[in-house]
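Please load the coordinates in a viewer and keep a selection prompt at hand. The tour proceeds by selections, each followed by a description of what is found there.

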Amino acid sequence: MIIKPIGTGSALSKRFFNNNYLIEFENYKLLIDAGSSLKYGLQAADVSYGDIDYVFITHFHFDHAGGIEELLTNNYWTFKDGKHSPKLTKFIMLEPQVSNYNNLLSPGLSNQNMCYTDYMETIILSNQSTLQIGSYEFEFIDTSDLHCLGMQSYGVHIKNRNTGANIIFTSDIQNLEKSSIRERINDYTVAIFQDVSFSYNPVHAFFDDILLYYPKKYYPLLYLMHYGDDIDKFLPTIKNYGMNIVQQKKALNLL
């Protein structure tokens, strides 16, 4: 499994694209989050909209969901030999997310006798929080209210069913102590993608809180993401604690 950081920056970053990731495994490509800078991040990574098979949105802030409509429109309005040949991207949705999709996409796509769901293939998980694709299991971790009070949000736990190797993707989270992230770490965990802020932030994990939340033995597993434009001045501190930083266009082969 290869993880390609399409963007690694905070919502208002001027240096980095939105914190979105392309997961490549077997013959599939799954996009985690589709922010408003997605078009530019994909171009920089030499990836086209049509390459994407699956999409999962962790929450509906613009830097994670603002590029969905353009992705759907590009993939739907494709032509081969002059004939309309739409690609319906598969969107993985937990049932509580459906109303968010409706609110976000209906104004632009539910018209001309079409509904936004005509542009996609929906995979709605009604009574479960896991999905198997090929040899991998994707478990969606409910972190609602832990990023923003009153907001739905989810992390992702990805496991190789053959080896047990797994990675944890926190997405945006501020209140780590009330999450189940730490309890999910085991001897087969190879990476934890953790959002970070180096100044106090009411909706993102403060670096000092990360130090307190994770036992020191897990520091080398941490890949910090969703950082600000001033990240360079904090690189020595990150290195001193034995942690890693995710970099745009630098793919990681982890599972």
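A pocket is an open set of grid points with protein on both sides within 12 Å along at least five of seven lines, and its lining residues have an atom within 4 Å of a point. The model on display is predicted.

**The largest pocket**

Begin by selecting Ser10, Ser197, Asn201, His204 and His226, which lie nearest the centre of the largest pocket. The complete lining comprises 20 residues. By class, seven of the lining residues are nonpolar, ten are polar and three are charged. The volume of this pocket is about 240 Å³.

**The sheet that contains strand 12**

Next, display the open sheet of seven strands whose order is 9-10-11-12-13-14-15; its pairing is mixed. Strand 9 (130-133) and strand 15 (244-245) are the edge strands, and each has a single partner strand, so one side of each is left without a neighbour in the sheet.

Within this sheet, select strand 11 (residues 154-160) together with strand 12: the two pair in the antiparallel sense over four bridges. Histidine 157 has isoleucine 168 of strand 12 as its bridge partner. The hairpin formed by strand 11 and strand 12 has five residues between the strands, and glycine 164 there takes a positive phi near 85°.

Which residues of strand 12 are buried on each side? Asn166 and Ile168 are buried on one side, and Ile167 and Phe169 are buried on the other, so that both faces are covered. In a regular strand, side chains alternate between the two faces of the sheet.

Move now to strand 13 (residues 189-195), which runs parallel to strand 12 and is joined to it by four bridges. Phenylalanine 169 stands opposite phenylalanine 193 of strand 13. Strand 13 is in turn joined to strand 14 by four bridges, and these strands run parallel. Here glutamine 194 has leucine 224 in strand 14 as its bridge partner. Strand 14 (residues 222-225) is also covered on both faces, with Leu222 and Leu224 buried on one side and Tyr223 and Met225 buried on the other.

**Glutamate 177**

Select glutamate 177, in the loop between strand 12 (166-169) and helix 5 (181-184). Is this residue buried or exposed? Glutamate 177 has a relative accessible area of 52% and is therefore exposed, the cut-off for that class being over 50%. Beyond its neighbours within four places in sequence, glutamate 177 is in contact with Arg182 and Tyr213. For a long-range reference, add proline 107: the C-alpha atoms of glutamate 177 and proline 107 are 38 Å apart in space, and the residues are 70 apart in sequence.

**The sheet that contains strand 1**

Turn to the open sheet of seven strands ordered 8-7-4-3-2-1-16, which also has mixed pairing. Strand 8 (120-125) and strand 16 (252-253) stand at its edges; each has a single partner strand, so one side of each is left without a neighbour in the sheet. Two bridges join strand 1 (residues 2-5) to strand 16, and the two run antiparallel. In this pair, isoleucine 2 stands opposite asparagine 253 of strand 16.

Add helix 3 (residues 68-76), which packs on the sheet and touches strand 3 (28-32), strand 4 (54-56), strand 7 (89-94) and strand 8. The direction of helix 3 makes about 145° with that of strand 7. Then add helix 4 (residues 98-109), which packs on the sheet by touching strand 7 and strand 8; its direction makes about 130° with that of strand 7.

**Two positive phi values**

Most residues other than glycine have a negative phi. Two loop residues deserve a selection in this context. Glutamine 112, in the loop between helix 4 and strand 8, has a positive phi of about 55° although it is not a glycine. Its relative accessibility is 69%, so glutamine 112 counts as exposed.

Finally, select aspartate 145, in the loop between strand 10 (136-142) and strand 11. The phi of aspartate 145 is near 75°, a positive value in a residue other than glycine. With a relative accessibility of 40%, aspartate 145 counts as partly exposed.

Terms used: Residues are numbered from 1 along each chain as its sequence is written. This is a predicted model: local features need pLDDT of at least 70, side-chain atom pairs count only at pLDDT 80 or more; totals for chains, interfaces and linings use all residues. Side-chain values use heavy atoms; hydrogens and water are left out. On a 1 Å grid over the protein atoms alone, a cavity is a set of points where a 1.4 Å probe fits but cannot get out, and a pocket is an open set with protein on both sides within 12 Å along at least five of seven lines; lining residues have an atom within 4 Å of a point. Grid points are joined across faces, edges and corners, and a volume is the space filled by probe spheres set on the points. Ala, Val, Leu, Ile, Met, Phe, Trp, Tyr, Cys and Pro count as nonpolar, Asp, Glu, Lys and Arg as charged, and the others, Gly among them, as polar. Buried means under 20% relative accessible area, exposed over 50%, partly exposed in between (1.4 Å probe, protein chains only). Contact means heavy atoms within 4.5 Å. Two strands pair if DSSP finds at least two bridges between them. Axes are lines fitted to C-alpha atoms, for helices over the stretch in contact, and angles run from 0 to 180 degrees between N-to-C directions.
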